[in-house]
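Please work through the exercises below with the sequence and the structure open beside you. Try each task on your own before you read its solution.

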Amino acid sequence: MRATATPSLTSGLLTDVGRQRQGGVNQDAALALDLPQGGLYAVADGMGGHAAGELAANLALDALSQQYLDGRGTPPARLAEAVQSANVAVLRHAVGEYVGMGTTLLAALIDRGAALIAHVGDSRAYLLRGGELHRLTEDHSWVAEQVRLGHMTEAEARDHQWRSVVSNALGGEERVRLEMFGLPLRSGDRLLLCSDGLSSIVTDQELLLLLSRPLEPEATARVLVNAANDGGGPDNITALIIDVQREGRLPTYPLPLRREDGPVYVDVLLSTQRGNSLLTYLLLMIAYFTLLGIMLVPERRALIGLLGTAALVGLLVWQRAQATQRASHILKHPSAALNLAAAPAEKSLSSTRP
């Protein structure tokens, strides 16, 4: 599914069956949906057999987009509810020949000057910023857990026989477990959402070099898919690129914080989001009492207006500082930034040029 990007964003996506999948069925799916102040982007990697995996991935993206568009409340709450709706859509169809089907889901909601990431499974999100590549998500898989515990290296995990076994997916239970967090965006940022058919074949160092090329998003997606196929193409491959052309102002709601305890049930996440709406109420209260004061004490309206404006500006500046601090923490976790100086030579990737 595809829609035209807004002027402040450009995007490109490509999904490919790979070179070793029997039957030519692509169980990956991708979404790029234009929104008035940004866009909703997602990648799903289905599982449970050819027909079941393809169905699960497409069901999830259809439900995600429809629920988000129909939803109410703040964008973080709407996004979490949309992921839960996608989970229910997959679960309800997992009967008969489709028993056991499921899908990963990785969604990026761009809202003005921020990105909200919602994550279930082992599809990955990366951010290229200022010549450095940051991996934003941790895989929900047994192999990834062994790496986090120090029982396995990244190199060993890449070749492990269980590397594709996820510990969390849509369609597994009634309430979805997910991770969700937000970060401010800057002009020049490039986001990559991809299935494990790309990230398990092309290393982070190679991704850094390929994403750093001065190509449009569509061409970059093609380069990445070619690189995965050149590496054997053992799985379906999906790459979705989003380029931020202009930096927007931050939303008025607090950006969700990354939790250290990994994925949590959606109702826990929604409860946290309702608690985070305090800042919005404070802003509205300040505006309300400022206007009330101006009406009740008109002879002091200049002073009251000045104090109210100062309070609003101060609160917004504090919010932006907090968001910047949280973003710096997100970019240090789960992986340290890679930069071009530490990446392998470009000549080793010459076969992947379009």
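The following exercises go from the whole chain to its sheet, its helices and one of its strands, and they concern a predicted model.

**Exercise 1. The whole chain**

Find how many helices and strands there are in the chain, and what percentage of the residues in the chain is buried.

Solution. Begin by counting the elements, which gives 10 helices and 13 strands. Turn next to burial, for which a residue has to have under 20% relative accessible area; of the 354 residues in the chain, 50% are buried. Finally, consider the surface: the chain exposes about 16,000 Å², and 56% of this area is supplied by carbon and sulfur atoms.

**Exercise 2. An open sheet and the helices across it**

Determine in which order the 6 strands of the open sheet are arranged, and which helices lie across β10 and β11.

Solution. Following the pairing through the sheet, which is antiparallel, we read the order β1-β11-β10-β7-β8-β13. The edge strands are β1 (9-16) and β13 (338-339), since each of them pairs on one side only. At the β13 edge, 2 bridges connect this strand with β8 (residues 132-135) in the antiparallel sense, and there Leu-133 stands opposite Leu-338. Now add the helices: α6 (residues 204-211) lies across β7, β8, β10, β11 and β13, and runs at about 130 degrees to β8. Helix α7 (residues 217-230) lies across β1, β10 and β11, with an angle of about 30 degrees to β1.

**Exercise 3. Two helices that cross**

Describe how helix α1 (residues 50-70) and helix α2 (residues 75-93) cross, and state what kinds of residues make their contact.

Solution. First compare the axes, which come within 8 Å and cross at roughly 145 degrees; the crossing is right-handed. Next identify the residues in contact, among them Ala-56, Leu-59 and Ala-63 of α1, and Leu-79, Ala-82 and Val-90 of α2. Sorting the residues of this contact by kind, we obtain 14 nonpolar, 3 polar and 2 charged.

**Exercise 4. Strand β9 and its partners**

Decide whether strand β9 (residues 177-184) is mostly covered or mostly uncovered, and name the residues that stand opposite Arg-177 and His-119.

Solution. Of the 8 residues in β9, 7 are buried, and the strand is thus mostly covered. One partner is β6 (residues 114-120), which runs antiparallel to β9 and is joined to it by 6 bridges; in this pairing, His-119 has Glu-179 as its bridge partner. Another partner is β12 (residues 264-265), which pairs with β9 in the antiparallel sense over 2 bridges, and here Arg-177 stands opposite Tyr-265.

Definitions and conventions: Residues numbered from 1 in each chain as written. Predicted model: local features only at pLDDT ≥ 70, side-chain atom pairs only at ≥ 80, totals over all residues. Heavy atoms only, no water. Buried < 20%, exposed > 50% of the residue type's maximum accessible area, 1.4 Å probe, protein only. Helix = DSSP H or I, 4+ residues; strand = E, 2+ residues; numbered from the N terminus. Pairing = 2+ DSSP bridges. Axes fitted to C-alpha atoms, helices over the stretch in contact; angles between N-to-C directions. Left-handed = near helix turned anticlockwise from the far one by under 90°. Contact = heavy atoms within 4.5 Å. Nonpolar A, V, L, I, M, F, W, Y, C, P; charged D, E, K, R; others polar. Areas by Shrake-Rupley, 256 points an atom, 1.4 Å probe, with all protein chains shown as cover.
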